[in-house]
Amino acid sequence: MIVHVFENAKQVARAAAALFAAQILKKPDSVLGLATGSTPIETYQELIQLYKDGILDFSKVVSFNLDEYVGLPATHEQSYDRFMKEQLFSHINIKETHLPSGIAPDMAQECLDYEQKIHQAGGIDLQLLGIGTNGHIGFNEPAEAFAYNTNITQLAESTIKANRRFFLSEDQVPKTAISMGIGTIMEARSILLLAMGDSKAEVIQQMVNGPITPQLPASILRSHQSVTVLLDQAAASKLGR
Ligand code: GLP
């Protein structure tokens with residue numbers, strides 16, 4: 001795991017976009033793993049700018065998102081499908097985008113199908129991740145064991161509370177999600193995790209220095225051969241040297 005610390009969030013976003021740009025320039029038909037949440041928004045803005053400036057061409061790029069809320073149709077204001085269209089997909093010429101469906105009639109089958117689609121596309125070249133304050137990646141919450149494949153997951157209380165800000169009331173926050181598993185994420189050839197702000201400092205410290213445990217799902221990333229972590233100073237403030 002390589003950790004880089006930048007002065008501020010803008011610089012993190014620029015560095016993240018540069019790594020994505022390098023990936024796409026090296027392999028125009030890259031398969032990208034994408035994430036939602038507030039963390040990647042500025043990175044997406046940088047990528048949109050690179051596209052508008054004629055530097056990046058997404059016409060052969062395929063993407064797979066990490067997760068989706070169960071029960072929210074793609075058209076719902078808070079669906080991750082809608083988020084991705086608004087924050088990235090509608091602004092670039094990306095060839096093909098995939099998110100797991102939160103409203104498939106058979107969710108267990110949807111998990112299998114999503115996993116298979118990733119394999120059929122050749123696997124993920126570069127996976128973008130944020131991190132929850134409890135160490136979740138995608139929606140893989142702290143648990144007794146790592147969930148291997150794409151799975152249906154119960155959101156932790158702290159995640160429901162953190163996501164409350166996007167919904168009118170806590171009742172409306174979905175309690176279940178469909179998420180790539182830890183194994184799905186670990187199969188990506190390279191992984192890029194971003195974290196910004198004081199609220200992430202403690203979990204970043206644990207991810208980097210603590211034990212590898214399913215109680216802090218992101219800790220498993222330390223056993224992946226190609227993980228880059230980009231932090232702003234606030235998120236790195238508990239790391240020490
Ligand atoms: C959400 C998403 C994660 C994301 C995390 C952090 O629940 N499922 O993919 O990394 O929470 O969100 P944020 O970037 O808003 O801090």
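This short talk walks through a ligand site and three residues of one structure.

Good morning, everyone. A word of caution at the start: this is a predicted model.

Let's begin with the ligand. Where does the ligand sit? It sits in the largest pocket. How many residues surround the ligand? There are 13 of them. The closest are Ser38, Thr39, Asp67, Phe139 and Lys200.

Now the polar atoms around the ligand. Take Thr39, one of those closest residues. An N or O atom in the Thr39 side chain is 2.5 Å from an oxygen atom of the ligand. His136 also uses its side chain: one of its polar atoms lies 3.2 Å from a ligand oxygen. With Gly138 it is the backbone. There, an N or O atom lies 3.2 Å from a nitrogen atom of the ligand. And how much of the ligand is covered? On its own, the ligand has 390 Å² of accessible area, and the protein covers 91% of that.

Next, Lys10. You will find Lys10 in helix H1, which runs over residues 9-26. Is Lys10 buried, partly exposed or exposed? Its relative accessibility is 34%, so Lys10 counts as partly exposed; the band for that label lies between 20% and 50%. Setting aside neighbours within four places in sequence, Lys10 is in contact with Glu42 and Glu46. Both partners fall within helix H2, residues 41-52. For a sense of distance, compare Lys10 with His224. They are 214 residues apart in sequence, and their C-alpha atoms are 27 Å apart in space.

Staying with helix H2, look at Thr43, which is placed in that helix. Why does Thr43 count as buried? Because its relative accessibility is 1%, and buried means under 20%. Which residues does Thr43 contact, leaving aside those within four places in sequence? They are Ala13, Ala16, Ala17 and Leu194. Three of these, Ala13, Ala16 and Ala17, belong to the stretch of helix H1, residues 9-26.

Last stop, Leu56. This residue is in the loop between H2 and strand E3, which covers 62-65. A loop position, then, but is Leu56 buried or exposed? Leu56 has a relative accessible area of 3%, so it is buried. Its contacts, not counting residues up to four places away in sequence, are Ala21, Ile24, Leu25, Leu47, Leu50 and Tyr51. One more distance: Leu56 and Asp198 are 142 residues apart in sequence and 32 Å apart in space, C-alpha to C-alpha.

That's the tour. Thank you.

Note on methods. Residues are numbered from 1 along each chain as its sequence is written. This is a predicted model: local features need pLDDT of at least 70, side-chain atom pairs count only at pLDDT 80 or more; totals for chains, interfaces and linings use all residues. Side-chain values use heavy atoms; hydrogens and water are left out. Helices (H or I, at least four residues) and strands (E, at least two) are DSSP runs, numbered from the N terminus. Buried means under 20% relative accessible area, exposed over 50%, partly exposed in between (1.4 Å probe, protein chains only). Contact means heavy atoms within 4.5 Å. A residue is near a molecule or strand if one of its heavy atoms lies within 4 Å of it. A polar contact is a pair of N or O atoms within 3.5 Å; within protein, one must be able to donate a hydrogen and the other to accept it, and residues adjacent in sequence count only if both atoms are side-chain atoms. Accessible areas come from the Shrake-Rupley method with a 1.4 Å probe; for residues, only the protein chains shown count as cover. On a 1 Å grid over the protein atoms alone, a cavity is a set of points where a 1.4 Å probe fits but cannot get out, and a pocket is an open set with protein on both sides within 12 Å along at least five of seven lines; lining residues have an atom within 4 Å of a point. A molecule sits in a cavity or pocket if more than half of its atoms lie within 2 Å of its grid points.
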